[in-house]
Amino acid sequence: MGSTEEIFCAWSKTVEECSEEYDVSLEKGLSFQEVQKRRERYGWNELQKETGKPFWIRILEQFDDRLVHILLGAALTSFILAYWDKNEIGDEGMTAYVEPLVILLILMLNAIVRVWKESNAEMALEALKEMKSEQAKVLRDGSSIPHLPARELVPGDIVELGVGDKVPADMRIASLKTSTLRMEQSSLTGESHPVFKSTKAVLMDDCELQAKNCMVFAGTTVVNGCCTCIVVSVGMSTEVGKIQVQIQRAALEDDDTPLKKKLHEFGESLTKAIGFVCLLAWIISYKSFLSWDVVDGWPKNIRFSFGKCSYYIKISIALAVAAIPVGLPVVITMCLALGTKKMARMNAIVRKLPSIETLGCTTVICSDKTGTLTTNQMSVTQFVTLGHTMSSIQEFHVEGTTYNPTDGGILEWPAHMSVNLESLAEIAAICNDAGISSQGHRFHATGMPTEAALKVLVEKMGISSLKAMNIGNGGNVNVNHTTENGTELLVYCNQLIEKSKRLASLDFDRIRKSMGVIVGDLSGQNRLLVKGAMENVLERSAFLQLADGTIVEMDDASRELLLMKLHQMSSKGLRCLGLAYKEDLGEFNDYDGENHPAHMKLLDPANYSEIENDLIFAGVVGLRDPPREEVHEAIKDCREAGIQVMVITGDNKFTAEAVCRDIGIFYEGENLNGKSFTAKEFMELPLNKRCEVLAKPGGCVFSRAEPRHKQDIVLMLKEAGQVIAITGDGVNDAPALKLADIGIAMGIAGTEVAKEASDIVLADNNFGTIVAAVSEGRSIYNTMKAFIRSLVHMLGLQRLVYLLCGSHMIHF
């Protein structure tokens, strides 16, 4: 629905305007007759495969190279000479044609391998198709169809989505069936956190993909909540479809590698040199087939021997064949193949041989942030509670960046866990819907990453307490956190959860920005546990819990103290969550389930803010997607090697800048004016200003970047003569990966689309591996150049001198 989407911006219109535009009733859906009409107009909801060139044409295109032309000429002349010699000496066998046949065989094999490699673009498109949902729950003619094939959807269809569903098309959210709806769309937009969605229109026709909060996009997944949507784009008109078009266009922009350009120049020079030497050699031998007498200073009785002239033409052609380094393609392939093995040992899987030597020429690395520079695993790095007085702060730093509870520990941990810390742990463990699972030594989050990180924190608190209790007698603590079936056993978390019975949930919403649970303990006492955005929780808190458990009324000084600490933590790029609780629940003190008189109040989310008031503030937790440990050193190596590092991410500007400071792209306190832009800000600059920004030494960061922005930046860098390696793991990265000189995909967290569009896949998702691979690529490139020079010198000059002297064509 490309044309309609360009005219009608569904995200900027109300639900009523959208249903009117698509002429559909939200209660009944489209009629079957209308579906047929729209399918004829818009086609099937599937990605179209562009008709490729016939195989034989693609084979012939591989011979469009100067060096290949020379080798074809050598094969042809060798064939002619072999045929000539066979007729003269009467050889009827095929041995005379071995040399030209070997040359042709080598060229054909090279052509076939290249065509096979070019099929990677088509494989990327197939991977895109796998992202599309196969079925959808659709409303048509007033009846619900629970498993309609997704390819049959048309614009205007009413689709219902639930937790875990993959979105089948680009759709406008019409209504929410739950209080919140969260979508995992990092593979499409690069955002590191699930995104909250709503039915509210975005009052801008031209806005970035991440800002379209009332839209859901094909290939993304529902993390939390249920909704009803109106299909607005299908097939190639969806955002995923647009990415496919961009991949196809990027494939057409495929440039020659630096080595290939040099070999092309070498081929041009070699052609001229061989032609000149052959002509010179033939001219030098003119006395052997052309003679005359000189009478009165003028040539007379000119004698010409056609047989001898033909003989020396034959010798000149043989000279040309001898001067051509026929083994050059084999040498290049051999060097690159050996380089592939070396790269594999370094966890860099090379998918295209020429990319090795291109990697050695890299001058700019454009890196994604989430999953490449960072772990793409949320973790708590710091948490704060009040001390024994209202003016004192207890601050704890947490080590470890994975979901493994035994990865790192808590610094400054006391000998005994205070009452306040117990409260914080209880809130984090119980007011939580996430979990941790493990497969061998790999730990994964189930549910929201932030909530999973809180459970890891609670487990680390339990382990730290056990260590503190045993440290006095020298005992060691060894907690096994993996069961036989691979499911993570959160020992301390489960102990806290088992002490309380969860009675009701107050789901998160965008207005109050918090989540609450009503729980009853073993004595029958109900409490409300709350977590949410620090500012919002603090605003609704009237009391503070001190370290010893004392409850005091919050005053302005203590509130300012906590807000100052919030500012300090936020300036480090931390996402801060406030944790609080409430013991006097009024009418909910004896709440026991759906039959309780107050239950109806819980059915309306508008009442949640009133229930979550007069809270007792327990503490604040700072989380982030931490940088990889090895990245800082890798950035330093890049700077020393003269390689510029640019970060292009779909995440927000503040987070991107904080990460770049952490890893050393920017120095602490460095002025980022002219170095940090949202992609929209950068593209609005005049062309000469954009070129100036990209030409500046040092790092740059571009946030809120969409696929087209990444491609534009790559194109500008290429036009400036830079050799670009770009990293990525999401679907949104695929077009830029295809367009760059070197596309590097993440092997662990990367989507299949990104891997198929790339030249190199990192088996360990390690940015440091890229830098090591560039270093190895430079070594291979230099070795290959020396090898080629040596080969050309030996096979060209030495054989040329041998033939010139050995054939007695030079007479002294």
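C214 is buried in this predicted model. Its relative accessibility is 0%. The cysteine sulfur closest to that of C214 belongs to C18, at 7.3 Å. That is too far for a bond.

C207 is buried as well, with a relative accessible area of 9%. For the sulfur of C207, the closest cysteine sulfur sits in C214, 8.1 Å away. Again, the gap is too wide for a bond. A disulfide needs two cysteine sulfur atoms within 2.5 Å. How many disulfides does a search of the whole structure find? The count is 0.

**The chain as a whole**

The protein chain has 812 residues, and 53% of them are buried. It holds 28 helices and 30 strands. Its exposed area is about 37,300 Å². Carbon and sulfur atoms supply 55% of that area. Now take the contacts in the chain with a separation of 6 or more. Of these, 70% join residues 24 or more positions apart.

**An open sheet**

Six strands build an open sheet. Their order is 2-1-3-9-4-7, and the pairing is antiparallel. Which strands stand at the edges? They are strand 2 (143-149) and strand 7 (215-216). Each has a single partner strand, so one side of each has no neighbour in the sheet.

Strands of a sheet are held together by backbone hydrogen bonds, in a parallel or an antiparallel sense. Within this sheet, strand 4 and strand 9 pair over 6 bridges, in the antiparallel sense. Strand 4 covers residues 170-176, and strand 9 covers residues 227-233. I173 stands opposite C229 of strand 9.

**A hairpin and a surface patch**

Strand 10 (290-295) runs antiparallel to strand 11 (residues 298-304), and 5 bridges join the two. In one of the paired positions, L290 has F304 of strand 11 as its bridge partner. The hairpin of these strands has 2 residues between them. There, D296 takes a positive phi near 55°.

Strand 10 also takes part in a nonpolar patch on the surface. The patch is formed by L279, I283, Y286, W292, V294 and I302. Together these residues have about 580 Å² of accessible area. Which elements give two or more residues to the patch? They are helix 10 (258-284) and strand 10. V294 is found in strand 10. This residue is exposed, with a relative accessible area of 59%.

**A buried methionine**

Is M569 buried or exposed? M569 is buried, because its relative accessible area is 0%, and the cut-off for buried is under 20%. M569 lies in helix 18, which spans residues 556-570.

M569 and F383 are 186 residues apart in sequence. In space, their C-alpha atoms are 9.4 Å apart. Leaving out residues up to four places away in sequence, M569 touches Q382, V384, L574, C576, V620, V621 and G622.

**Accessibility side by side**

The table sets out the four residues discussed above by their relative accessible area.

| Residue | Relative accessible area | State |
|---|---|---|
| C207 | 9% | buried |
| C214 | 0% | buried |
| V294 | 59% | exposed |
| M569 | 0% | buried |

V294 counts as exposed because its 59% lies above the cut-off of over 50%. C207 counts as buried because its 9% falls under 20%.

Definitions and conventions:
Residues numbered from 1 in each chain as written. Predicted model: local features only at pLDDT ≥ 70, side-chain atom pairs only at ≥ 80, totals over all residues. Heavy atoms only, no water. Patch = residues over 30% accessible without salt bridge, like charges linked within 9 Å, V, L, I, M, F, W, Y side chains within 5 Å. Areas by Shrake-Rupley, 256 points an atom, 1.4 Å probe, with all protein chains shown as cover. Salt bridge = Lys/Arg side-chain N within 4 Å of Asp/Glu carboxyl O. Helix = DSSP H or I, 4+ residues; strand = E, 2+ residues; numbered from the N terminus. Buried < 20%, exposed > 50% of the residue type's maximum accessible area, 1.4 Å probe, protein only. Contact = heavy atoms within 4.5 Å. Pairing = 2+ DSSP bridges.
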